[in-house]
Amino acid sequence: QIPKDPAQRRVRELAVLSKQLQRVHPNVLAKVLKQGTVYQNEEIVVINKPYGLPVHGGPGIKNCIADVLPILAKMLENMKAEPLHLCHRLDKETTGVMVLARSKEVADRIRLLFKTRQVEKIYWAISLGDPDPAEGIVEIPIVEKEVRSHQSHYKMTLAPNYRLSPEDGKVVKIRKNRNAESAVTRYRRLASSSACSLLELQPVTGVKHQIRVHLAYGLGCPILGDHKYSHWSKLAPQKLPAITLKRLKLEQSKARHLPLHLHAYRLSLPLGERIDLVCKPPLFFQKTLKKLELDIPKD
């Protein structure tokens with residue numbers, strides 16, 4: 001049956017779309033990506049990555065971006081085109097700017113730019129709560145740890161080098177975790193309303209799930225729809241404030257269907273000259289902004 005409530009309907013449509021992307025013929029998927037092309041020149045092709053589509057294959061994954069790159073190249077060029085190459089990755093649930101290279105040399109060059117932090121990346125996220133202060137830098141190393149609960153699973157988490165001493169409240173340096181990777185995220189609040197905020201994020205480093213972990217555990221403002229990082233010890237749907245549920249016309253029992261609201265909004269690549277690539281957030285993201293009365297700043 002189809003839910004009467006429009007928010008639940010939309011959430012359901014997204015879940016269905018994500019499943020459909022796994023079932024469609026690779027040619028259809030390549031066509032979807034082609035329609036989402038935002039920029040191309042002789043070296044790169046830039047797509048707006050759809051929600052719920054993995055970049056790489058794995059167990060239970062039938063369709064992913066990597067697999068359809070040869071088809072996409074032919075659709076964009078002519079029948080003789082070389083396959084496109086991945087230059088970086090986005091999480092399955094993240095949408096937005098994704099750069100593909102037309103040759104291995106260009107891909108290697110762009111990967112190096114990412115590695116040496118010469119690519120400027122701007123993300124948009126809707127978070128629960130309001131970061132305090134409204135803008136700043138989170139600089140806390142991140143490490144992967146096993147969560148021992150009734151369902152054991154792995155998560156990225158903070159591995160700070162400092163803590164507050166319980167005796168006198170002073171900052172004490174603690175031993176570095178050998179496996180932790182240093183992670184730095186700049187953030188700035190663009191709008192806030194309905195117990196949520198629209199944040200602009202600039203990850204300076206590129207650690208797995210960095211933005212999600214820094215927001216949830218560093219600032220105490222998990223991303224809307226991030227069920228993985230809203231609790232530490234359990235796998236459970238995100239708990240939403242009453243005002244947020246009301247604005248979204250959603251019941252808490254249906255919160256688990258909320259998609260992750262994290263979007264790679266802008267990428268600035270120094271390839272000869274600087275190329276500025278911008279992708280509008282997907283429709284579901286825009287609709288959520290409207291419902292929560294979060295105003296997108298006019299550039």
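Guide: Before we start, one term: strands here are DSSP runs of E with at least two residues, numbered from the N terminus. Also, this is a predicted model.

Visitor: Thanks! Then let's start with Leu164. Which strand is Leu164 found in?

Guide: Leu164 belongs to strand β9, which covers residues 162–164.

Visitor: And is Leu164 buried or exposed?

Guide: Exposed: its relative accessibility is 58%, and the cut-off for that class is over 50%.

Visitor: What does Leu164 form on the surface, and with which residues?

Guide: Leu164 joins Tyr162 and Val171 in a nonpolar surface patch. Together the three have about 340 Å² of accessible area.

Visitor: Switching to the strands that pair up. How do β1 and β2 pair?

Guide: They pair in the antiparallel sense, over three bridges. Strand β1 is residues 37–40, and β2 is residues 44–49.

Visitor: How many residues does the hairpin between β1 and β2 run through?

Guide: Three residues make the link from β1 to β2 in that hairpin. As for the register, Gln40 faces Val45 in β2.

Visitor: Anything going on in that loop? Where is Asn41 found?

Guide: Asn41 sits in the loop between β1 and β2. Asn41 counts as buried because its relative accessibility is 18%, and the limit for buried is under 20%. Its side chain also has a polar contact of 3.3 Å with the side chain of Tyr39.

Visitor: Back to β2, then. Which other strand does β2 pair with, and over how many bridges?

Guide: Strand β4, residues 95–101, pairs with β2 over six bridges, again in the antiparallel sense. In that pairing Ile44 stands opposite Ala101 of β4.

Visitor: How many of the six residues of β2 are buried?

Guide: Five of the six, so β2 is mostly covered.

Visitor: What about the run-up to β4? Where is the place of Asp91?

Guide: Asp91 is in the loop between β3 (85–86) and β4. Asp91 is buried, with 18% relative accessible area.

Visitor: Which residue does the side chain of Asp91 contact?

Guide: Arg212: a polar contact of 3.2 Å links the two side chains.

Visitor: Let's hop to another hairpin. How many residues join β7 to β8?

Guide: Five residues connect β7 to β8 in that hairpin. Strand β7 (142–147) and β8 are antiparallel partners over six bridges, and Val147 is opposite His153 in β8.

Visitor: Is β8 mostly covered or mostly open?

Guide: Mostly covered: β8 is residues 153–158, and five of its six residues are buried.

Visitor: New topic: cysteines. How many disulfides does the structure hold?

Guide: Zero. Take Cys64: the nearest cysteine sulfur belongs to Cys87 and is 16 Å away. Since a disulfide needs the two sulfur atoms within 2.5 Å, Cys64 is in no disulfide.

Visitor: And how far from Cys196 is the nearest cysteine sulfur?

Guide: For Cys196 that sulfur is the one of Cys221, at 9.7 Å, and Cys196 is in no disulfide either.

Visitor: Is Cys196 buried or exposed?

Guide: Cys196 is buried, with a relative accessible area of 2%. Cys64 is buried too, with a value of 0%.

Visitor: Now for backbone oddities. Which form does the peptide bond from Asp132 to Pro133 take, cis or trans?

Guide: The bond from Asp132 to Pro133 is cis, with omega near 0 degrees. Pro133 lies in the loop between β5 (120–128) and β6 (135–139).

Visitor: What is the phi of Ser194 near?

Guide: Phi of Ser194 is near 55 degrees, a positive value even though the residue is not glycine. Ser194 is in the loop between β11 (184–193) and β12 (196–203). Ser194 counts as buried because its relative accessibility is 8%.

Visitor: And Glu293, what is its phi?

Guide: Glu293 has a positive phi of about 60 degrees, and Glu293 is not a glycine.

Visitor: Where does Glu293 lie, and is Glu293 buried, partly exposed or exposed?

Guide: Glu293 is in the segment after α7 (283–291). With 48% relative accessibility, Glu293 counts as partly exposed.

Terms used
Residues are numbered from 1 along each chain as its sequence is written. This is a predicted model: local features need pLDDT of at least 70, side-chain atom pairs count only at pLDDT 80 or more; totals for chains, interfaces and linings use all residues. Side-chain values use heavy atoms; hydrogens and water are left out. Patches are made of residues with over 30% relative accessible area and no salt bridge: like charges are joined within 9 Å, nonpolar side chains (Val, Leu, Ile, Met, Phe, Trp, Tyr) within 5 Å. Accessible areas come from the Shrake-Rupley method with a 1.4 Å probe; for residues, only the protein chains shown count as cover. A salt bridge is a side-chain nitrogen of Lys or Arg within 4 Å of a carboxyl oxygen of Asp or Glu. Helices (H or I, at least four residues) and strands (E, at least two) are DSSP runs, numbered from the N terminus. Buried means under 20% relative accessible area, exposed over 50%, partly exposed in between (1.4 Å probe, protein chains only). Two strands pair if DSSP finds at least two bridges between them. A polar contact is a pair of N or O atoms within 3.5 Å; within protein, one must be able to donate a hydrogen and the other to accept it, and residues adjacent in sequence count only if both atoms are side-chain atoms.
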